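Please look through the model below before reading on. The paragraphs after it are meant to be read alongside the coordinates.

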Amino acid sequence: MAPCANVEEETMTNLPQDFSDIDLSFTSSSASTSSFATNFGGASSARSSISLSLPSFSSSHSCVIKPLPHRRFDPHWSALRATTNLSPDGSLHLHHFKLLRHLGTGNLARVFHCRLRGVEDPSLDFALKVVDLDLAASSSRPSSSVEDDKLSHVRAEASVLASLDHPFLPTLYARLDASHYACFLIDYCSGGDLHSLLHRLPSHRLPLPAVRFYAAEVLLAVEYLHALGFVYRDLKPENVLLRADGHVMLSDFDLCFQSHVSPTVHRIWRRRARSEELEFVAEPESAFSRSCVGTHEYLAPEIIGGGGHGNGVDWWAFGVFVYELLYGRTPFKGGSKQSTLKNILAKELRFPDSSGGSSFAAARDLIRRLLARDPQQRLGAIKGAAEIKRHPFFSGVSWSLIRTMKPPVTVCLTGGAVLSLSKEKKRWWMTGTGLKWSSCTNNKIIQELRRRRVSLRRSSNWLPGSFDVRQNRIKSEGRARQRTDCSILACVCT
Ligand SMILES: Nc1ncnc2c1ncn2[C@@H]1O[C@H](COP(=O)(O)OP(=O)(O)OP(=O)(O)O)[C@@H](O)[C@H]1O
């Protein structure tokens with residue numbers, strides 16, 4: 001995850017307004033004079049940069065993907081349709097977009113926050129993932145296996161993006177190719193990623209209900225990927241982005257590999273409810289890869305062993321993920337990458353404390369079962385998410401309605417610094433860009449917000465749905481206390 005700087009220093013007047021003015025290449029970024037901070041009040045501080053030069057994309061090709069069933073009424077589609085209707089050739093091009101900021105640079109891609117020209121509504125913004133195909137081709141080793149080569153990672157990501165239709169995964173609105181760049185137009189997540197959120201919280205950990213919420217949404221996203229036959233292999237908080245409405249969006253599919261899947265429906269007998277239920281199971285069968293890919297702390301033992309791995313690696317990573325959200329660190333982290341790998345293979349799984357009541361005990365049991373070193377013994381290895389969903393840690397989760405539940409974090413972005421408040425052990429905690437952690441009362445928070453000139457009035461820039469939560473939390477101490485279902489709040493200094 002690219003580090004992030006104090007956004008208060010950033011002025012919109014510095015930003016290039018046109019894609020035709022910018023060099024999207026990776027190689028020139030360090031020589032740039034214009035620098036842009038990401039807008040997430042994240043854990044880190046480097047700035048990415050874009051140089052003002054090159055190329056006008058006269059020969060750009062575009063293709064708008066057909067609206068997918070579950071998002072067909074999404075206003076993003078109407079906005080894109082309106083633009084293409086006005087376009088002389090009836091197609092969408094890069095010059096239809098205004099570049100707002102550079103969000104970050106990954107291994108193969110740069111990601112930009114962008115908006116359709118003539119559209120002023122921030123809720124209709126997009127992210128544009130730009131892949132330099134020349135660079136990917138040149139950094140692919142001729143001797144490398146099909147799966148290891150960088151171009152195949154680009155192809156994997158393109159193929160996964162084009163297949164997705166799920167609330168917790170990105171929608172690919174269009175692929176716009178220009179010169180040697182492949183550009184993917186996807187949903188913009190204004191809330192940053194879970195890794196940055198964790199680093200803004202005391203001890204870098206989330207309260208248990210928030211852990212359950214994020215884990216449940218991520219589980220549904222991975223279940224869906226598996227149902228399409230994709231093994232994800234890159235689950236970590238950095239790849240869990242937060243949409244403006246606070247729900248998750250899993251990102252970054254370049255390490256995915258596909259395998260055969262034949263979904264089945266089983267009848268299962270529920271002893272407690274004394275009834276029969278249907279259970280949907282769609283786990284990739286015979287998924288097998290020998291590539292050593294992923295992030296050290298999240299690698300499953302069978303990846304490190306090199307004897308081949310399958311779908312079970314995602315359930316191991318899911319265990320590490322739940323552990324990290326709950327305890328603020330990963331379970332096998334060592335002093336070096338090498339010692340982390342050794343720990344994954346041999347170190348006993350330990351939990352920082354055993355307190356916290358039955359919900360914590362259930363969480364520890366879930367983690368223990370997911371972090372079984374033998375992939376055959378691992379929870380989820382046979383029946384996938386269906387098994388994991390039945391674990392007591394998730395009891396009470398309404399799987400079909402979770403997308404309509406109020407998320408634990410609501411993010412409002414007006415272009416200012418992100419400030420987050422959380423309630424732990426009956427006290428409020430506050431942090432934000434440039435602020436140190438402090439335990440404080442609601443009054444202190446209000447004072448601090450005033451000092452930092454946070455507007456407590458509704459602003460047209462506030463994203464829909466996020467203002468009410470903030471207003472209740474900050475303005476009214478009594479009412480905020482009663483609304484404990486929303487224990488963390490991120491709001492913005494303007
Ligand atoms: N849809 C999006 N909305 C907002 N920010 C995004 C979006 N997609 C990616 N980002 C941000 O852009 C940056 C680069 O993302 P990208 O997926 O290319 O690479 P990565 O996750 O850093 O790593 P890599 O591909 O090398 O594993 C990340 O910081 C990510 O949080």
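What follows moves from the whole chain to its core, then to two helices and the ligand shell.

This is a predicted model, in which local features need pLDDT of at least 70 and side-chain atom pairs count only at pLDDT 80 or more, while totals for chains, interfaces and linings use all residues. Residues are numbered from 1 along each chain as its sequence is written.

The chain has 13 helices and 18 strands, where helices (H or I, at least four residues) and strands (E, at least two) are DSSP runs numbered from the N terminus. Of its 494 residues, 44% are buried, a residue being buried if 20 or more other C-beta atoms, placed from the backbone, lie within 10 Å of its own. Among contacts between residues at least 6 apart in sequence, 68% join residues at least 24 apart; a contact requires C-beta atoms, placed from the backbone, within 7 Å.

The largest nonpolar core (buried Ala, Val, Leu, Ile, Met, Phe, Trp, Tyr and Cys residues joined through C-beta atoms within 7 Å) holds 97 residues, of which Cys 183, Tyr 214, Val 218, Ala 221, Val 248 and Val 322 touch the most other members. Helix H5, residues 208–227, gives the most to this core, with 13 residues. Because domain 1 (17–187) and domain 2 (194–405 + 484–493) both give residues to the core, it lies between them; the domain bounds come from an automatic or database domain assignment. Leaving aside residues up to four places away in sequence, Val 248 touches eight-membered surroundings that include Phe 168, Tyr 214, Val 218 and Ala 221.Helix H5 itself has 20 residues and reaches 28 Å from its first C-alpha to its last, close to the 28 Å expected at 1.5 Å a residue, the expected span being 1.5 Å times one less than the number of residues. Since 17 of the 20 residues of H5 are buried, H5 is largely enclosed by the rest of the structure, and just after H5, Gly 229 takes a positive phi of about 95°. Helix H7 (residues 312–327) has 16 residues and reaches 23 Å, close to the 22 Å expected. In H7, 16 of the 16 residues are buried, so H7 too is largely enclosed by the rest of the structure, and Gly 328, which follows H7, has a positive phi near 80°.

Around the ligand there are 23 residues, the closest being Gly 104, Gly 106, Asn 107, Val 111 and Ala 127; a residue counts as near if its C-beta atom, placed from the backbone, lies within 6 Å. Strands E4 (97–105), E5 (109–116), E6 (126–132) and E8 (181–187) are the elements that give two or more residues to this shell, and the largest share, 3 residues, comes from E4. The shell draws at least three residues from each of domain 1 and domain 2.

Terms used: Buried ≥ 20, exposed ≤ 12 C-beta atoms within 10 Å, placed from the backbone. Contact = placed C-beta atoms within 7 Å.
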